[in-house]
Amino acid sequence: MMRGNRSGASPLLARLGFGIQSYVRDDGGYTSLAVAVALLVSLTLVFGTAAAQWSMARSADVQEVADAAAMAGENCVAAYSTVAQVLDACVLTMGLTGVIVCGAALVVSAIPPLQAKSAAVMSVGKRILDTRKSFAHSAAQGLQRLEQALPALVMANSASCVSANATGGMNYVGMAVPFPQSSKTDFSFLEDALDGEEMEEDAQELAEASARKDEAHKRAEAAKERAWRADCVDDPRCLRSRVATLTSLGSAFNPSYASPKDWEFEYARVRARNYYGHRYTHEHRANGGVEEMQRSAARKQFYGYAYEAVGRMSCLDTEDAVAMDLDVLPHTTDMVKGTRLYTDAVWPCTSEEEGMVLHCSLDCPGATGPFVGNASLCVIDYGSVRMCLVCRMDARAMGNVADASTNINNGFEHYWRIVVEASKDYERARQDEIAAERDMQEAAEKGRSAFDAAMEMLSVERPKVCPPGAWGCVSVVCRPTSAMVPTELTRAFLSSGRLPAGAAISGAVLAPDEATKGNTVLARAFDGLRSSTGSLTLDLVGSVTSLWGDLLVGYGSAYGNIADAGGRFLNGVEGVFGERVASWLREKLSGLVSSTGFEPADLRLRKPVLVNSQTVLDKAGLSTVGEARTLIQSLPESPEVLVELLRSHVQEMLGTGEFTVAEIPIPGLEGVSIPLTIDLSKIGVTS
Ligand SMILES: [Zn+2]
């Protein structure tokens, strides 16, 4: 009877193997995520297989060999469970990575200056989802195949363990059988319809509206700059320098603004009002005879009118509304006729020989008769008063006041007209911009719903696999003392319902290993990676890969959590500041990642523990004696024959050498994948 290891430190471990190849590089480093992910896989599996050693080292008699056989059998199930957990974690976190990257693309689509780059980000997200889909498909197939082979693996591994305990002519024959005996796992949970199509459509719509906003915004900025220049920058003059030259107004009433950013249309309006108010109160007649007398009188009326008119104008310019009510001042006869300058009865009239005559002033040399009251310029055109042939005050004279200053580039009204025209362009552009932003908000809301739906799809409760052996393994071992063992055993069962001397039965089930809760070794492996994570620039590669690493660790170890990782990634999108729709969207998406409520998965490793075999059989609805009898009857007398038989069975199902359950692609690293491989030679299935 053999107790413990026969040769060296870990032949048992090697024999029980079910080993996954180590992915840690020979030089001992793990500088890339690919290697860290591999570490995750290999560590969990090594923990799983190492757990069996404890019990194996204690086998002393037939009962203990039976115990060891049950543990060895269940250990295959433990390893399988770990493989399934790792693959499920990969599928889920890859889905999260893809959806969060698509979410980042939505946010980028809502940043007008960057919207053109959103398609590239979206395609990274969608490629991850596509990769996930094909990975999930192949993982489901690999797991399915492994589950089919699991009964044979359980039997081969346990028979091998029993046979290994032969020593000094003392032979044992026996093996463990898994319950349920065939798979009860529904693998459809690994495959869903998550593809990001809806998010992509919404992102396109959002990007299109963002592009319109960007274009309108640029138009608005250009119009504003044109107006600011007319107001503040000499070319060759501007409103400000005209005011400085033509009035005594100080800088408090005639300020300068350094850039269009500091400037508003309203400032030009206020400057113009200050200017006309000052010109009105300070108007005085220069030397120049009756012509200057007439021009001064007309100017006074014009300035008074302009002061009032500009006072009534307004500039509304907020984020949500724009209304530019600025207008040019009358500088032609026709324009004068459209204003109160034409209809206000402010002009003194005298009674002359030819009738009532209108003057610019009673100082007019033509005003010789008595004053008969004031009249408006329009009554000249009606014929009820006459224009004075000396001062020639009429609507045309009024139109002349601002004619030159509007039409030549050194007049105040020339620059005012530029401001007014730019304000119309600005108003149109801003209205387009506001409309585009409204469309962006609508598209962003659709994008949020699509993102929400995708997260919901991922947040369904993680299903449990139910492989052969999920309920446990039952082993039967006997010590053949004669060539007639099977018959004798059979008779013994029939008569007493008890196992004969020299035979034993045992059971093992999987129990979570509390010691592996948290899996901090893995967390530390990812720490180094996280420190190298920069912000999300549009070169996504490094960020996406780290995001996946964060999610995988968050999912598996409760070390980080999914909400934090997702939030960090979305916060890394640059250029959001000052963009209302993008900020809104990012906040909503981060909120959805947190509120979807991904609990850290229970990734505690499962290790086999001994139980009463009846516990396992009860679950399968079978009786101990009946099963044991059937099992013992089927055992060949020679352990070597049994082991050989089972090995060839495994070979038939999985082949020899290495069996690759799945290739785990690394999101963000195109063409890089980690094969999750089971080395069949470790359980002796290669001859
Ligand atoms: Zn006159």
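Which strand pairs with strand β4 (residues 347-352) in the antiparallel sense over four bridges, with residues 371-375 as its range? Select residues 347-352 and 371-375 in this predicted model. The partner is strand β6, and four bridges hold the antiparallel pair together. Within the pair, P348 faces N374 of β6.

**The sheet around β4**

Next, add residues 355-358, which form strand β5. Strands β4 and β5 run antiparallel and are joined by four bridges. The connection between β4 and β5 is a hairpin of two residues. To follow one rung of this pairing, display C349 of β4 together with its bridge partner in β5, L358.

Keep L358 on display and select M387, which is the bridge partner of L358 in β7. Here β5 and β7 run parallel, with two bridges between them. The view now contains an open sheet of four strands in the order β6-β4-β5-β7, whose pairing is mixed. At its edges stand β6 and β7 (386-387), each paired on one side only.

**A second sheet**

Move now to residues 472-478 and 503-512, which are strands β8 and β9. These two strands run antiparallel and are connected by six bridges. A convenient landmark is V477, whose bridge partner in β9 is A504.

Extend the selection to β1 (173-179) and β10 (606-611). The result is an open sheet of four strands, ordered β1-β8-β9-β10, with antiparallel pairing. Because β1 and β10 each have a single partner strand, one side of each is left without a neighbour in the sheet. On average, neighbouring strands in this sheet are turned by 25° against each other, direction ignored.

With the four strands still shown, add helix α4 (residues 62-109). This helix packs on the sheet and touches β1, β8, β9 and β10. The direction of α4 makes about 30° with that of β9.

**The nonpolar core**

Which residues have the most contacts inside the largest nonpolar core? They are A69, V107 and V477, in a core of 176 residues. The element that gives the most to this core is α4, with 32 residues. Colouring by domain is useful at this point: the core draws at least three residues from each of domain 1 (11-186 + 463-683) and domain 2 (210-433). In soluble globular proteins, nonpolar side chains tend to be buried together.

Centre the view on V107 and select its surroundings. Leaving aside residues up to four places away in sequence, V107 touches L570, V573, V576, A582, L585, R586 and L589.

**The whole chain**

Finally, return to the full model. The protein has 23 helices and twelve strands. Of its 687 residues, 48% count as buried. Among contacts with a separation of 6 or more, 78% are between residues 24 or more positions apart.

Colour the model by pLDDT before drawing conclusions from any region. The mean pLDDT is 79, and 74% of the residues reach 70 or more. Two stretches deserve caution. Over residues 1-59, pLDDT stays under 50, and the model has 125 contacts beyond four places in sequence for this stretch. Over residues 520-541, pLDDT likewise stays under 50, with 46 contacts beyond four places in sequence.

Notes: Residues numbered from 1 in each chain as written. Predicted model: local features only at pLDDT ≥ 70, side-chain atom pairs only at ≥ 80, totals over all residues. pLDDT = per-residue confidence, 0-100. Contact = placed C-beta atoms within 7 Å. Pairing = 2+ DSSP bridges. Axes fitted to C-alpha atoms, helices over the stretch in contact; angles between N-to-C directions. Core = buried A, V, L, I, M, F, W, Y, C linked by C-beta atoms within 7 Å. Buried ≥ 20, exposed ≤ 12 C-beta atoms within 10 Å, placed from the backbone. Domains from an automatic or database assignment.
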